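Q: Please take a close look at the charged side chains here. I would like to know what they pair with, where the partners sit and how open they are to solvent. Add some context on the rest of the chain.

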Amino acid sequence: MDLQSLSNLFASTFSGDPNVQKASELQIRKLGREEGMITACLQIIASNEVDLTVRQACAVYLKNRIHTSWTIDAARARPEQVPIPPSDREACKRAVLRLLAGAPSSRVRAQLASALKDLVSAEFPAQWPALLDEVKALLASGDVQEVSAGCVACLEVIRAFRFRQKNDIMPGIVATILPTLVGIATQLLTQPPTAASSNEIPFMLHTILKTYKTSLIVNLSPHQQSAESLVPWGRLFFQVINLQIPADAVPADEEDREKCEWWKAKKWAYGTLGRLFHRYGNPSQLPSPRQKEYGNFADHFARSFAPEILSVYLRQVELFVSGQAWLSRKCQYQIFSYFTECIKPKSTWVLLKPHAQDLVEKFVFPHLTFDTNKQNMWESDPVDYVRTTVDEYEDFSSPVSGATSFLLSLASNRTKTTFLPILSFVNSVLGSNAAPPQRFGALNMIAVLGPFIMRHPEVKDNMEQFMLNHVLQEFQAQEPYLRSIACEVVGTVVKNGITWSNEENLLKFSRGVAGALNDPEMPVRVQAALALTELIVVNESVRTAVAPEVAKVIQDLLKLSDETDLDILNHSMETMVDHFQTELLPVATQLTARLCESYMRLARETIAQGTDDLPENIDVDNLESDAEDDKVYAAMGVAKTICTVVTAAESSPELLAQIQEVVIPIIRFTLEKKLLYLFDNMYELVDSLTFRLHSITQNMWPIFELTYSLFKGEAVDFLDEMLPSLDNFVSYGGDMFKARADYRQKAVDIYCTSLKSDALGENDRVNGCKLAESLLLNLRGHMDDLLSDIVSTALDHFEREETRAFRLANLETLINAVLYNAPAALHYIEARRPGLSRTFFDAWFKAINSDNGLPRVHDKKLSVLALCALMEVESSQVPENLRDGWPAIVGGALKIFRSLPKAVSKRKELETSLSEYESDDDDDDANILNLEGAEDEDVWDEDSAYLEMLANEGARLREKSEKLEKGEDVSDSESVESDIEEELGFFSPLDQVNPYTSFKQALATFQSQNGVLHGASMSLLDVEQQAALMEVMRQADLPAEVTA
């Protein structure tokens, strides 16, 4: 392959002429199928005679080609995936490390590193046994570039296996390369950093530390637990943290300094020590499944290393708060995270305790004040300011979120020691005529601690006076940020149950919040909207006052939402609609139209952003949320608000029909544009509209057609979201299905695909069975031509080892077929294999006779009615091989009737308990504040219990995976299958059928049409069954509401 021609081709991809660019890309794609293409790209990347941009383009192509086509799953192969020839594969492995050492730029190096990771993941160790030796040769080189390349290669080797649960490859890798890396890093630190230092030194240091931390994600190897590894690495981390970096060795600009290699190295040193303690070195919080493997290490680490880490961190904080040293924001976050981890274990808490209040006042509080960073953000990007202040974890690695987490952990875990001193400090700030930024910080702490304050027995009753003394006046403050925090504090204490001694005080604060809705500053208006929402939810008098103006309030919220795209405002609108349904009904259609406009804008902007070029190299370690995510969440929130409007309009079918016509276009747009992340919301709308209208309008049917097309394409795994809507189409659009054979075929095809597709799981198969049931129950007499397909598909899974939920769902598909047309269904079953109908009956009656074989009311009614259908079969149509068992049908039905009342009662109890749960305030003060027990003992809270549960489940799944890999049997007894619970949201045509009346009528038909078998059935009944029969007959004669 001619290298010059190929270089020119890659150069043409940068042409300003889109036609030339497109033609070049197509030609490169075509050449990609030829042997030698990758080898040629390797040669171009290595050539110093080729322009840098061309070499970079080749590197990007190489990375993408390896990523998509080095390993191809034949079952899921895509057309663009072309196998890489053996000669090119060998050339890659021979050249990639050499190219990494000679990379002409950081961008080329990043592409080659990514390609190396994919190669290692696929080839090491079996197909590339010499890899580690080759990497160590680079590390042992005297050339800086080669050593640096070796460090990058070590990182990519580790990254290739960082999420591997099985502890088979990583231990060997770390034991081989970590001793060399710690030696290199230690040597790098022998020379103090200066302005003249090569940037490769901090880059290598940063890469080495990142490599070590990456190796800790899942497991800590025996080598890393040993003193010969832990001691030198620990010494290295402390050296990096304590390293004094001269001002002239780093950028003067703080933002640039945050990103420089020296401070990246420090960040990874802090982060690694935190990871070691959090996951492996904290014995009091170590989950029980990891005790055996890490218990001894944790005890040693907690005794020997954790106190030293705490001491070093406290010293760094002391230097920072006194102005003697600078700390990057991410390093501060890591320090806060470690302090937070030290709160629950007794061994570290007793060391941290003497410093806790000082840390709150000097390290936490400054981050919560209104500092220069907040001021700049407020002025330059008020939306981003609101986003990061409404959710303090929005920027999850910021020191503000770290400070907030530390403060919350102190308050909740060490309440008796820290809570009242913290509040005393807040009061001292507010009572000292402090400057506005400090007053903001104090009130910010109150907003953070509000849920704890309103549950503390010594504090909550004083909160009303505190609000009057320190918060009310801030509504009139000249500084807008004080008006904003005043609104936030009001919303927090109201949400958490403040009690007002008189209506006048409540009126003062509600007026302050209402006035802030018209504030010229957008962040103030947002906080006012959130506070007003809480006031409306809790206080009847506020709802009464707002009711006449609610339409205007909603319009203001819509305008604010459009300005900010904040999902939290959609919650406010949803709450308004929910609490003012009557007042908003006259404008419901206009409100829906306005909401749909907002949704369409957000959806279109999301599409536009999605078409932007993706970055060439994505590192999942550094992914952050972006504006596209915000718009998606905002669109979801708008859709939820529309759902609330639909619910509010339920009492007016005419109004609901108007709303539906307004909403249908956004549903079609979303489905046609395949905005998969919004499908859940759209199908919730379709379900809500069709269910509440109990009809399918002409304009709604294209949604069904789109749904079928999507299910057969990109959205095959959205059946769970689609099912309620599909069921409504069948249930309320029966006339259209009866008239359209193609619609019936499409619905059955969805069922068949759900059971046959390898891309779907058990829950999808259960959903497919529900759709089949809906078709057979709602389209009686119109599914004859498709019954055999349904029966055949169900039989494909009938005798397989399946989970309990799917076994029952699949069995009930066949039972539904019997109910639909018993002779035809039995014929299809028997035609599949002689004697199979008897096997089916055996399985059915096994479920009938089992205590929990038919657990739900619907299961029991379905089987009773199907047995009734069998009793009504004419004598001549009873299959010969089933005649001797036919008399048992009556006894089977009576068996079900005996357990039916208990199932009905259990369902009603579940409905009642669910209603009580929804209305019950589950907040438990004991779960939020730690007011009991010894002050300094280990704390084991809900978070600890949750991590314990996750660890237990992870251990169980790993054990199961290992047994499967060894070919061992994993029987159902080893995994606990959850009970099949009543589905309170599930509705069926059988709900209105009285099984007692149906049985009485069927028994009479049985006697008149098939007297011999009827007589045999009666003769088989014992005394208890005869009594049960008389009770069923008595129930059948009662009014319907009595037997329901």
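A: The charged pairs come first, followed by the aromatic rings, a surface patch and the overall build.

This is a predicted model, so local features need pLDDT of at least 70, side-chain atom pairs count only at pLDDT 80 or more, and totals for chains, interfaces and linings use all residues. Residues are numbered from 1 along each chain as its sequence is written, and side-chain values use heavy atoms, with hydrogens and water left out.

Start with the rule. Side chains of opposite charge can pair when their charged atoms come close. Here a salt bridge is a side-chain nitrogen of Lys or Arg within 4 Å of a carboxyl oxygen of Asp or Glu. By that rule, the count is 43 salt bridges.

Take Glu90 and Lys93. Their side chains meet in a salt bridge, 3.6 Å from N to O. Helix α5 (residues 86–101) holds both, three residues apart, or about one turn of the helix. Helices are DSSP runs of H or I with at least four residues, strands are E runs with at least two, and numbering starts at the N terminus. The two partners differ in exposure. Buried means under 20% relative accessible area, exposed means over 50%, and partly exposed lies in between, with a 1.4 Å probe and protein chains only. Glu90 is partly exposed because its relative accessible area is 41%. Lys93 is buried because its value is 8%.

Now a pair between loops. Lys674 and Glu714 meet in a salt bridge of 2.8 Å, N to O. Lys674 lies in the loop between α35 (653–672) and α36 (679–693), and Glu714 in the loop between α37 (701–711) and α38 (719–732), so the pair ties together parts that are 40 residues apart in sequence. Lys674 has 39% relative accessibility, so Lys674 counts as partly exposed. Glu714 has 44%, so Glu714 counts as partly exposed too.

Helix α49 carries another pair. The side chains of Glu953 and Arg956 meet in a salt bridge, with 2.8 Å from N to O. Both residues lie in α49, three residues apart, about one turn of the helix. Glu953 is partly exposed because its relative accessible area is 34%. Arg956 is partly exposed as well, because its value is 31%.

Salt bridges can also link up. Asp562, Asp565, Arg594, Arg601, Glu605 and Lys631 are joined in a network of them.

Some charges sit over rings. The test is NZ of Lys or CZ of Arg within 6 Å of the ring centre and within 35 degrees of the ring normal. Arg257 lies over the face of Trp326, 4.5 Å from the ring centre. Lys266 places its charged end over the ring of Trp263, 5.2 Å from the centre. Lys259 belongs to helix α13 (residues 254–259). Lys259 counts as exposed because its relative accessibility is 56%. Its C-alpha atom is 9.1 Å from that of Ser328, which is 69 residues away along the chain.

Next, the rings themselves. Rings of Phe, Tyr and Trp (its six-membered ring) pair if their centres lie within 6.5 Å; planes under 30 degrees apart count as stacked, over 60 as edge-to-face and the rest as tilted. The structure holds 47 aromatic pairs. One of them is Phe841 with Trp844, tilted, at 5.7 Å centre to centre and 45° between the planes. Both sit in helix α45 (residues 836–849), three residues apart, about one turn. Phe841 counts as buried because its relative accessibility is 8%. Trp844 counts as buried at 0%. Elsewhere, Tyr270, Phe277, Phe297, Phe301, Phe305, Tyr313 and Tyr338 form one aromatic cluster.

Back to helix α49 (residues 942–965), where Tyr946 is placed. Tyr946 is partly exposed, at 48% relative accessible area. Tyr946, Leu947, Met949 and Leu950 form a nonpolar surface patch, with about 380 Å² of accessible area together. Patches are made of residues with over 30% relative accessible area and no salt bridge; like charges are joined within 9 Å, and nonpolar side chains (Val, Leu, Ile, Met, Phe, Trp, Tyr) within 5 Å. Areas come from the Shrake-Rupley method with a 1.4 Å probe, and for residues only the protein chains shown count as cover.

Finally, the whole chain. The protein chain has 53 helices and zero strands. Buried residues make up 52% of its 1044 residues. Its C-alpha atoms fill a box of roughly 105 × 85 × 65 Å along the principal axes.
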